[in-house]
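Reader: I should like to learn how a protein model is read, one step at a time. May I put some questions to you about the one shown here?

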Amino acid sequence: MAIQTSINGKPVALAAEPDTPLLWVIREELGLTGTKFGCGIAACGACTVHVNGEPTRSCSLPVSEVAGKSITTIEGLKSADGTLHAVQQAWISAQVPQCGYCQSGQIMAAVALIEKTGSPSDAQIDEAMTNICRCGTYPRIRKAIHAATGQAAKATKPAEGGA
Amino acid sequence: MADNPTADMQAAAPAKRKGVKRRAFLIGGVAVVGAGLFGISIADSNAAKSAKARLESDGGHSFATWLKIGEDDSITIYSPHTDIGQGSNTGLAQMLAEELDAAWDQVRVVSAPAEPAFANVGLGRAFLADMTGQPAIINGIPQSFLSFIARQMNLQMTGGSTALRFTGRVTFQNVGAATRLALIETAATRLDVPADELTTQDSHVIHAKSGRALRYGELAAEAATLSLDNAPKLKDPSQYRIMRQSMQRLDIPAKVDGSAQYGMDFSVPDMRVATIMAAPVRGGKLTSVDTAPALAVKGVEKVIKLDDAVAVVAKGYWPAISGLRALTPQFSDGGNGGISTASIFKAQDDLIAKGEADSTAGDGDVQAGLGAKPIEATYQVPFCPDRPF
Ligand code: FES
Ligand code: FES
């Protein structure tokens, strides 16, 4: 039986087996490949999406549990006219990504944090941003979160080379 | 490299190109290297034709494989290197755009397609023969040089800082500079002025005297039919406005909106996903596996038994991995089950004790260098793939 949910503002009926993790439904059934697969055990955060606004590691959430809920993926952050979300813009200004593989998850986690806290402190960032970045972009992630929330305009200058 | 240039060339039978006679073509030395590394031109081989067609299929005009200029002034640069965030594609684009005098905000860089036409020594040779109109000329080129092209072109290799040092300095700067000259030449004809009265800036050829300017996009179609200069003069670094600057990386916008494509994001219609479990010990073999538990997983289509591994093929990743996890394959250890880091170190020590190990350095007089008390230390590196952090 199809699972009714909404993805990025659009209602969808999902055909997947109910025990399939949401991640694979998003990537394979819906073809939204911006959400990444890292560990599959809720440890890395690469698969982070919003379920009813909550940052959620979709690799470990059976799709049956999102029935009737609303899901946002990295593809759904832009506004309808294509304007990037302030956090995405800050990510570009601070030149955050290196390989970029973790960044969809980082951005989704950061957006949720900012929605919750307004202007997160360093301590709040440390606590909420538990996503792993193998490239070690953490300092630039912090800078971009500050910049996106107007806490440090100077942080929007291009970052030093991180390679 | 198995080589029979003459036979290859006869098969390719390149046609003479418009504009070829205008250019002196130097065989031997740097000019040839430049030409070889320019990549394909309009050589008359099927691979080259399909490559050119592919590059131009969505509009635009191709220059020396690596560059395409659209009639809308868009500049597309094809990088043969893998940039996974180190920034080399942005650097390469800066190098080409600098010498081209391109408008930087119109520049984008994409991966060169992984198809033979973009990395094939045969095309390099066809290009040489085509430029000269003399297929036999290939015979005069040293084998070592042809191998050099082969190594450079058959592999879309990334490593050793070769992207900027070789592709950038040897190829892309020259492609940019040579294309700029072709655009100037086209503009000179169109404006009916001497080429040396023309300057270039931000993707325009400018005739200051008459206050006229032409966009690269409106010159590209005709310029692309010209033969490119093999040894164009490069800019003096004091003139740089794009190079030697920290530009925003071109790959980053696609990495903040989920549109960047990674290997796992690739898909084709009706694609299947396979997961695989290999013998846990090198040399081990698959001795038995009951395939039924995997086949019972909805979405699993096939279990494949290999000599030293078992694979599950399914409609998607989740059934494929669930099916694999449902299996309890038995593997032999190939006699290597007892190997450990300790046993490898011991085997090394035994060889050293027997005098059968290679000694890689032993020069100089330790006593004289370090005095009476030499420092002694033993370093051992465990067996590991590459160099994890
Ligand atoms: S893939 Fe979901 S947390 Fe790592
Ligand atoms: S940017 Fe590479 S893993 Fe985070």
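Reader: Which residue in S4(A) does Thr48(A) stand opposite?
Author: The model is a predicted one. Strand S3 of chain A, residues 48–51, pairs with strand S4, residues 54–57, in the antiparallel sense over four bridges. Within this pair, the residue of S4(A) opposite Thr48(A) is Arg57(A).

Reader: Which residue in the hairpin of S3(A) and S4(A) takes a positive phi?
Author: The hairpin has two residues between its strands. One of them has a positive phi near 50°, and that residue is Asn52(A).

Reader: What is the average pLDDT of chain A, and over which residues does pLDDT stay under 50?
Author: Chain A averages a pLDDT of 92, and 92% of its residues score at least 70. Where pLDDT is low, the predicted coordinates should not be read in detail. This caution concerns a stretch of chain A for which the model has 20 contacts beyond four places in sequence. The stretch with pLDDT under 50 is residues 153–163.

Reader: Is Trp91(A) buried or exposed?
Author: Trp91(A) is found in helix H2 of chain A, residues 86–93. Leaving aside neighbours within four places in sequence, Trp91(A) is in contact with residues including Pro97(A), Ile141(A), Ala144(A) and, from the other chain, Val256(B). Its relative accessible area is 0%, and burial requires a value under 20%, so Trp91(A) is buried.

Reader: How are H2(A) and H3(A) oriented to each other?
Author: The axes of H2(A) and helix H3 of chain A, residues 103–117, come within 10 Å and cross at roughly 125°. The crossing is right-handed, and Val87(A), Gln88(A) and Trp91(A) of H2(A) meet residues of H3(A) that include Gln103(A) and Ile114(A). An angle of roughly 125° is neither in the range of 65 to 115 degrees nor over 145, and therefore the two helices are oblique.

Reader: Is Asn89(B) buried or exposed?
Author: Asn89(B) belongs to helix H4 of chain B, residues 88–100. Not counting residues up to four places away in sequence, Asn89(B) touches Ser79(B), His81(B), Asp83(B) and Val109(B). Because its relative accessible area is 9%, under the cut-off of 20%, Asn89(B) is buried.

Reader: What is the relative accessible area of Thr82(B), and what separation has its C-alpha atom from that of Met157(B)?
Author: Thr82(B) lies in the loop between strand S3 and H4 of chain B, where it touches Ser88(B) and Thr158(B), not counting residues up to four places away in sequence. Its relative accessible area of 47% falls between 20% and 50%, so Thr82(B) is partly exposed. Thr82(B) and Met157(B) are 75 residues apart along the chain, and their C-alpha atoms are separated by 7.8 Å.

Reader: Which are the edge strands of the sheet with the order S5-S6-S7 in chain B?
Author: This is an open sheet of three strands with antiparallel pairing. An edge strand pairs on one side only, and here these are S5(B), residues 198–201, and S7(B), residues 212–215.

Reader: Which residue in S7(B) does His204(B) stand opposite?
Author: Strand S6 of chain B, residues 204–207, is joined to S7(B) by four bridges, and the two run antiparallel. The residue of S7(B) opposite His204(B) is Arg215(B).

Reader: Which helices lie across S5, S6 and S7 of chain B?
Author: One helix, residues 162–191, runs at about 130° to S5(B), and this is H7(B). Another, residues 216–223, runs at about 65° to S7(B), and this is H8(B).

Notes:
Residues are numbered from 1 along each chain as its sequence is written. Chains are lettered from A and ligands numbered from 1 in the order in which they are written. This is a predicted model: local features need pLDDT of at least 70, side-chain atom pairs count only at pLDDT 80 or more; totals for chains, interfaces and linings use all residues. Side-chain values use heavy atoms; hydrogens and water are left out. pLDDT is the predictor's confidence in each residue, from 0 to 100. Contact means heavy atoms within 4.5 Å. Two strands pair if DSSP finds at least two bridges between them. Buried means under 20% relative accessible area, exposed over 50%, partly exposed in between (1.4 Å probe, protein chains only). Axes are lines fitted to C-alpha atoms, for helices over the stretch in contact, and angles run from 0 to 180 degrees between N-to-C directions. Angles under 35 degrees count as roughly parallel, over 145 as roughly antiparallel, 65 to 115 as roughly perpendicular and the rest as oblique. A crossing is left-handed if the near helix is turned anticlockwise from the far one by less than a right angle, and right-handed if clockwise.
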